[in-house]
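The exercises below go with the model shown here, and each is followed by a solution that proceeds step by step. Please try each task on the structure before reading on.

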Amino acid sequence: MSTVSIKCTKAQIDDLFKRYAMAEKRKTPAYAYWQIKLSDCVITAYESGKVVFQGDGAEFHSASYQKEPLKSSTSNHKAIGYPQCGSDEVGTGDYFGPVCVCAAYVDEDRAEWLKSLGIQDSKAMKDEIILAIGAQLMERLPHSLLILDNSTYNRIHNQYNMVAIKCKLHNQAFVHLKHKLNELPKDIIVDQFVKGESYYRYLRQEKEVIYNIHFETKAENKYLAVAAASVIARYAFLKAFEAMCSTYQFPFLKGASAKVDQNIATFVKLHGKAALYKVAKLHFANTKKAGVSSENF
Ligand code: MG
């Protein structure tokens with residue numbers, strides 16, 4: 001059981017009360033406005049502005065009040081409104097685990113819903129929260145999710161570098177989304193990882209290419225479609241990571257730090273080199289640092 005205590009404005013406290021209008025009302029403690037009980041959390045709002053969340057769902061229910069949710073994208077970029085679609089990727093900085101790319105579609109109604117959930121860049125959200133809401137996002141938002149498993153990644157990495165692979169995946173995600181929706185909205189945003197010209201250069205061989213993309217760095221902080229895509233991609237990555245840990249009964253580490261080198265050496269000792277091909281991105285310097293030769297996989 002956890003406890004989260006945050007400071008809220010009176011408007012936020014009223015908003016919270018309205019949001020849980022159906023919840024059981026409890027006897028109001030001293031110096032409090034109210035106390036309500038949900039299945040996984042008790043919430044108490046005090047006259048001082050302090051709001052206390054207690055229970056397993058404390059993180060989840062307080063999430064959207066802990067940080068200011070993303071404003072409408074129009075406040076940052078006048079030309080871009082709703083509907084919009086955006087894409088982002090996860091896993092490219094992690095030695096272990098797949099690369100997940102998602103393109104998601106958000107219209108005005110869905111944007112309001114995402115704001116009420118406190119959706120923002122997945123890097124700013126805790127993994128537990130992403131695991132708690134990822135499935136809902138996948139259900140409610142039209143999206144295309146691509147998961148490039150490690151064996152495939154290692155095989156194609158001989159031919160294409162990471163940037164080329166990302167370009168192909170982002171494009172493919174938008175192509176799939178276009179087929180789902182019949183047509184993409186006019187505003188298409190990619191969290192920029194390469195200049196627009198290079199992006200299209202990498203796609204020269206592709207059968208179908210989505211054009212008129214707006215490339216912007218840190219787009220996951222500015223556009224809800226990109227933020228939502230980053231959360232879905234992270235959700236898929238976390239699920240795949242959990243599955244890997246359970247398949248191998250091994251505590252894989254995220255990231256690519258020196259601790260990961262140690263983790264690699266232990267994994268190879270237990271499961272052998274061939275298994276590493278299926279769970280890691282072998283071209284990372286970590287492979288060598290762990291003392292594993294990159295030959296004969
Ligand atoms: Mg990104």
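**Exercise 1.** Determine which residues histidine 143 is in contact with, leaving aside its neighbours within four places in sequence.

*Solution.* Begin with the contacts, where contact means heavy atoms within 4.5 Å: with neighbours within four places left aside, histidine 143 is in contact with Cys102, Ala103, Ala104, Met138, Leu177, Lys180 and Ile232. Next, place the residue in the fold: histidine 143 lies in strand E8, residues 143-148, where helices (H or I, at least four residues) and strands (E, at least two) are DSSP runs numbered from the N terminus. Then look at one of these partners in detail, since the backbone oxygen of methionine 138 lies 3.4 Å from a polar atom of the histidine 143 side chain. Finally, histidine 143 counts as buried because its relative accessible area is 10%; buried means under 20% relative accessible area, exposed over 50%, and partly exposed in between (1.4 Å probe, protein chains only).

The model is a predicted one, in which local features need pLDDT of at least 70 and side-chain atom pairs count only at pLDDT 80 or more, while totals for chains, interfaces and linings use all residues. Residues are numbered from 1 along each chain as its sequence is written, and side-chain values use heavy atoms, with hydrogens and water left out.

**Exercise 2.** Find the side chain with which the side chain of glutamate 89 makes a polar contact, and describe the surroundings of this residue.

*Solution.* Glutamate 89 is found in strand E6, residues 84-90, and it counts as buried because its relative accessibility is 13%. Its side chain makes a polar contact with the side chain of histidine 170, at 2.7 Å; a polar contact is a pair of N or O atoms within 3.5 Å, where within protein one must be able to donate a hydrogen and the other to accept it, and residues adjacent in sequence count only if both atoms are side-chain atoms. Not counting residues up to four places away in sequence, glutamate 89 touches Cys100, Val101, Lys166, His170 and Phe193.

**Exercise 3.** Establish whether aspartate 187 is buried or exposed, and what lies at its side chain.

*Solution.* Aspartate 187 belongs to strand E9, residues 187-191, and is buried, as its relative accessible area is 12%. A polar atom of its side chain lies 3.4 Å from the backbone nitrogen of glycine 81. As a check on distance, aspartate 187 and glycine 291 are 104 residues apart in sequence and 47 Å apart in space, C-alpha to C-alpha.

**Exercise 4.** Identify the buried residues of helix H3 and the elements that cover them.

*Solution.* Helix H3 covers residues 108-117, and its buried residues are Ala111, Trp113, Leu114, Lys115 and Leu117. The cover over these residues includes helix H2 (58-66), strand E7 (99-106), helix H4 (127-140) and helix H8 (224-248). Just after H3, glycine 118 takes a positive phi of about 75°.

**Exercise 5.** Examine the backbone at proline 83, asparagine 182 and asparagine 212.

*Solution.* The general background is that most residues other than glycine have a negative phi, and most peptide bonds are trans. Tyrosine 82 and proline 83 are joined by a cis peptide bond with omega of about -5°, and proline 83 is found in the loop between H2 and E6. Asparagine 182, in the loop between helix H6 (162-181) and E9, has a positive phi near 75°; it counts as exposed because its relative accessibility is 69%. Asparagine 212, in the loop between helix H7 (196-202) and strand E10 (213-216), has a positive phi near 55°, and it is exposed, with a relative accessible area of 68%.

**Exercise 6.** State how confident the predictor is in the protein chain, and how many helices and strands the chain has.

*Solution.* The mean pLDDT (the predictor's confidence in each residue, from 0 to 100) is 91 for the protein chain, and 96% of its residues reach 70 or more. Over residues 69-78, however, the pLDDT is below 50, and beyond near neighbours in sequence this stretch has 25 contacts in the model. The chain has 11 helices and 10 strands, and of its 297 residues 52% count as buried.
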